[in-house]
Structure formats: structure tokens, C-alpha cells
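Please open the model in your viewer and keep the sequence panel beside it. The stops below are meant to be taken in order, with a selection to make at each one.

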Amino acid sequence: LSDQKTPSFAFSLFRAGDAVLATSRGDLLHVGLPDGPVTKLGIVGLPDQAEESVADDAFIYVTIFRHDDVMRVSVKGGKAERLAEVKRGVLGLHDQTLYIASYSTGVLEAIPKAGGTATKLAGGFVRPTAIAADDRYVFVYTETDKTRHRVTPATGEVLTLAPDPGKAEAPTLAGAAAFPGPCNRPRRRRRGSGGLPRSAGL
């Protein structure tokens, strides 16, 4: 459907409502189903490649490679809006709330999808790499100890669940549960290592 030149590199696929999108260099791509075309959304204001991505049927929320920005963009394209600054953010989305955990600091925060003041929910997570949430809890996976944690947003209580018994680097988090499985997000490069994550054609 696409290659590195037409229309551009595609890195990670994700869903936004019924649409399929992909991260790319300085933009996002829309994937027409089932047979294409693949087109640029024409996002303005992304300082670099979008890395982490979560979305609903109206907006896309992304972190930026080698930047601390968490940004929101319309699924129709247009100008990107900066929502927060989090070092190496990991994103989760449920209802009207965007959840952000810092891979560097281990702090979990909640911020309204429309923007506003971030609320700290919990801290002390060692290298979080995945987030899922439901109406009652936020689930955080930490890669260092391969453990799932359950956070109660109303109280900040953290319950450490059983460690992952398998050898997977990260689980697949779905709804209110976490299941062992391969990580579906690109491995982060440490600052100063140079280069971009490996790309893939669609």
C-alpha cells in the first residue's frame, strides 16, 4: 500500500475509531481500507516523528521521538496542540481521560482529553512501558520487574499484581486485564544512541 517514498515511511499502525492510521516522519498517515490509498494527514507542528500513539474517533494523542511533548491532533489533520510535557511518556486512554506514565521518572498522571491540569495518580514505577484503563482502575506494566500494577485513581492506591510468568518483554494490555504477549510498540532508543526506530512499509 505504501513505501518509504510514497507517501512516506510508516512506523506503527494504530486505530482511531474505525480508521487505521500510522505514525510517520513529522506527520501521520491515513490507511484507506481495504486496499488503500495511504495518504498523509497533513499535521502541522509536530517537532519530530510521533512515537507513542492512542486515539479515539476524534483525536489522536502522541508522544514525540527525542522530545518530552505530549500532543493532540485531529483525526482530520491540522495543527498539533501541546497538552503536557513528560519525559519519555507512555500513553493510555479511557473515556475522557488521557493517562501518561513517564518511563524516566515512573510517575503516572491523568489529564483531561480536552486539555487542562495534570493530576498525579501514583509514582515509583520502574520503567513503565504499557498502560490500560477501565472505569475503575488504571493498569501499568513495568518492564524491569515484568510486573503489572493496578492503580485506583480516586485514592492513589497501588496494588502489585502477579509478575508475568512468561518471558515476554511486555504484555498486551486489553481493557481491565493484562495478558502476556509480545510488545506491540517500538523499542525506545536511549538518547544519544542516534538514529530512528526501524521503519516498516505497509
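The tour begins with confidence and then moves through cores, a hairpin, aromatic pairs and salt bridges.

**Confidence**

Begin by colouring the chain by pLDDT, since this is a predicted model. The mean pLDDT of the chain is 84, and 81% of its residues reach 70 or more. Select strand β12, residues 97–102, which has the highest mean pLDDT among the elements of the chain at 98, and then strand β20, residues 177–181, which has the lowest at 41. Extend the selection to residues 174–202, where the pLDDT is below 50, and note that this stretch nevertheless has 70 contacts in the model beyond near neighbours in sequence.

**Two nonpolar cores**

Next, select L28, I43, L46, I60, V62 and V73, which are the residues with the most contacts inside the largest nonpolar core, a set of 14 residues. Strands β1 (13–16), β7 and β8 each supply at least two residues of this core, and the largest share, three residues, comes from β7. Centre the view on I43 and show what surrounds it: not counting residues up to four places away in sequence, I43 touches G26, D27, L28, V73, S74, G77, G78 and A80. A second, separate core has 13 residues, and selecting V90, Y99, F125 and V140 will show you some of its members. As background to both selections, nonpolar side chains in soluble globular proteins tend to be buried together.

**A hairpin**

Now display the backbone of strands β13 (residues 108–112) and β14 (residues 119–122), which run antiparallel and are joined by three bridges. If you pick L108, you should find A122 of β14 standing opposite. Six residues lie between the two strands of this hairpin, and G115 takes a positive phi near 105°.

**Aromatic pairs**

Which kinds of arrangement do the two aromatic pairs of the structure show? Select F9 and F11 to see a stacked pair, with 6.1 Å centre to centre and 15° between the planes; both F9 and F11 are buried. Then select Y137 and F139, an edge-to-face pair with 6.2 Å centre to centre and 70° between the planes; both Y137 and F139 are buried as well.

**Salt bridges**

Finally, turn to the charged side chains, where a search of the whole structure finds five salt bridges. Select K87 and D68, whose closest N and O atoms are 3.7 Å apart in a salt bridge. K87 lies in the loop between β10 (81–85) and β11 (89–94), whereas D68 lies in the loop between β7 (59–64) and β8 (69–74), so the pair ties together parts that are 19 residues apart in sequence. K87 counts as partly exposed at 46% relative accessibility, while D68 is buried, with a relative accessible area of 16%.

Move on to R72 and E81, whose side chains meet in a salt bridge at 2.6 Å, N to O. Here R72 is buried, with a relative accessible area of 13%, and E81 is partly exposed at 34% relative accessibility. The last selection is E85 with R82, another salt bridge at 2.6 Å, N to O. E85 counts as exposed at 56% relative accessibility, and R82 is partly exposed, with a relative accessible area of 45%. Add D69 to that selection to complete the view, as D69, R82 and E85 are linked in a network of salt bridges.

Notes. Residues numbered from 1 in each chain as written. Predicted model: local features only at pLDDT ≥ 70, side-chain atom pairs only at ≥ 80, totals over all residues. Heavy atoms only, no water. pLDDT = per-residue confidence, 0-100. Helix = DSSP H or I, 4+ residues; strand = E, 2+ residues; numbered from the N terminus. Contact = heavy atoms within 4.5 Å. Salt bridge = Lys/Arg side-chain N within 4 Å of Asp/Glu carboxyl O. Buried < 20%, exposed > 50% of the residue type's maximum accessible area, 1.4 Å probe, protein only. Core = buried A, V, L, I, M, F, W, Y, C linked by side-chain atoms within 4.5 Å. Pairing = 2+ DSSP bridges. Phe/Tyr/Trp six-rings, centres within 6.5 Å; stacked < 30°, edge-to-face > 60°.
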